[in-house]
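I sat down with this model today and kept a few notes for the bench. Here is what I looked up, in the order I went.

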Amino acid sequence: MNKKAIFNAVEIMLYVVITVIVAVFIAVVAVNYRNEEISTTQLETFILQKKLTNSCLAYTDSAGMHPYLIDLNKLTSEILSGCYTKEGFGYSVKILDFDNIIIKEASNLDLRQRANIQICENVPKHECFKKRILVNFYDNNKISAGYMEIGVINLVE
Amino acid sequence: MLNKKADAALPLYLGPTLAALVIVLFIFSIIFFVVGIKQNPDLVIKPAAYQDSHNIITILKIQKNNSTIAELISLAAEDKNYKNELSSELVAILQKLPKQKPQEDLAKSRFAVPSEVKGSLQSSEWILEIFIENELFMKVGEKPFGSSEYLGQSVVIPLENKKLAEIKLFLACTLCSEGEINAIA
């Protein structure tokens with residue numbers, strides 16, 4: 001090989017090495033991006049909260065349905081399971097007064113979820129989220145203000 | 001094939017070009033792998049973007065001394081004696097509204113990590129404003145210094161005197177992240 005040919009071979013190798021480095025970099029970034037975890041638990045809790053407060057648990061009288069006025073008689077496990085049920089998704093609903101005393105609670109949890117929700121941080125492939133909102137609740141012909149607390153446990157693959 | 005001129009030019013440009021490439025890859029590595037810019041903290045669908053006026057509607061329906069807050073606003077617009085009562089009721093209610101979960105601050109930690117420095121500077125306050133015929137009638141809550149407004153809600157209610165009252169509610173928060181806001185939306 002003459003001097004020019006050797007120079008060309010080194011040059012081509014350099015280009016190949018540079019191209020491989022850039023290609024590997026782009027591939028690593030792309031693979032990481034493709035495997036990005038998108039958590040939907042918070043969003044699902046938001047949708048659940050809207051369904052509970054605006055429909056399933058809303059107090060109804062002759063004037064119609066009153067969103068964000070919770071009828072405590074409707075807060076039962078049967079109504080919750082008929083309201084929103086999804087494989088791997090369980091939740092509990094508590095109504096509390098402003099002193100954080102539980103007025104009533106119900107849940108849509110299976111036995112495993114009921115055990116896991118207490119130790120959620122240590123349970124693999126599960127995500128938990130707790131949300132508290134201001135509501136009025138109707139009980140024994142009396143309207144009082146307090147909180148609705150939704151605790152969610154979600155199986156994430 | 002390179003000509004003679006290019007043969008001479010290649011070593012001249014190769015060093016700076018390689019150096020530039022290494023610098024670009026280094027900067028991008030920091031941005032992508034250390035800072036993690038690829039991990040967009042924004043949710044695909046943000047609850048805050050879909051929130052309704054539930055807090056303000058609930059507040060207006062809260063019953064105090066056989067009248068709701070909405071009725072108390074109507075009374076206060078007519079009779080100034082009710083204004084103090086309305087103000088104190090609203091202050092008490094706003095303190096009970098859920099806020100973002102505070103981050104651990106420096107007072108509880110021995111190490112000044114960025115999240116705890118941020119936690120120390122973080123403060124939030126619910127602000128409620130009542131406008132009657134576009135004039136400010138009452139403002140409850142003080143905006144923390146340097147705060148931004150989140151979760152804005154407003155409703156218009158008719159008053160006894162045929163005027164309209166617009167009630168606005170928002171969370172004024174310093175150094176609140178979008179994730180924290182979405183959690184309470």
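**Chain A, overall layout**

I began with the domains of chain A and found that the centres of domain 1 and domain 2, taken over C-alpha atoms, are 56 Å apart. Domain 1 covers residues 1-36 and domain 2 covers 41-155. A reminder to myself: this is a predicted model.

Next I went through the secondary structure of chain A, which comes to four helices and six strands. Read from the N terminus, the order is α-α-β-β-α-β-β-α-β-β. Chain A is more spread out than a compact globule, because its radius of gyration is 28 Å, well over the 15 Å that the globule rule gives for 157 residues. I also noted the span of the C-alpha trace along its principal axes, about 100 × 35 × 30 Å. Buried residues account for 24% of the 157 in chain A. Of the contacts in chain A between residues at least 6 apart in sequence, 58% link residues at least 24 apart.

**The nonpolar core**

Then I looked for the largest nonpolar core and found 53 residues in it; I70(A), V93(A), V135(A) and I73(B) have the most contacts inside it. Strand β6 of chain B (residues 164-174) gives the largest share of this core, seven residues.

I picked V135(A) for a closer look. Leaving out residues up to four places away in sequence, V135(A) touches T53(A), Y68(A), I70(A), G146(A), Y147(A) and M148(A), and also T58(B) from chain B.

**Helix α4 of chain B**

Which residues of α4(B), residues 81-96, are buried? I found L86(B), L90(B) and I93(B). They lie on the same side of α4(B), because they cover an arc of only 65 degrees around the axis. On the other side I noted N81(B), N84(B), S88(B), V91(B) and Q95(B) as exposed. The buried residues of this helix pack against α2 (54-61), α3 (69-78), β3 (123-132) and β4 (135-140) of chain B.

**Two positive phi angles**

Last, I checked backbone angles. N141(A) is not a glycine, yet has a positive phi of about 60 degrees. I found N141(A) in the loop between β5 (126-139) and β6 (142-155) of chain A. N141(A) has 5 other C-beta atoms within 10 Å, so I logged this residue as exposed.

L175(B), also not a glycine, has a positive phi of about 60 degrees. This residue sits in the loop between β6 and α6 (178-184) of chain B. I put L175(B) down as partly exposed, because there are 18 C-beta neighbours inside 10 Å.

Methods. Residues are numbered from 1 along each chain as its sequence is written. Chains are lettered from A and ligands numbered from 1 in the order in which they are written. This is a predicted model: local features need pLDDT of at least 70, side-chain atom pairs count only at pLDDT 80 or more; totals for chains, interfaces and linings use all residues. Domain bounds come from an automatic or database domain assignment. A nonpolar core is a set of buried Ala, Val, Leu, Ile, Met, Phe, Trp, Tyr and Cys residues joined through C-beta atoms within 7 Å. A residue is buried if 20 or more other C-beta atoms lie within 10 Å of its own, exposed if 12 or fewer, and partly exposed in between; C-beta atoms are placed from the backbone. Two residues are in contact if their C-beta atoms, placed from the backbone, lie within 7 Å. The arc is that of the directions from the helix axis to the C-beta atoms. The radius of gyration is taken over C-alpha atoms; the globule rule is 2.2 Å times the number of residues to the power 0.38.
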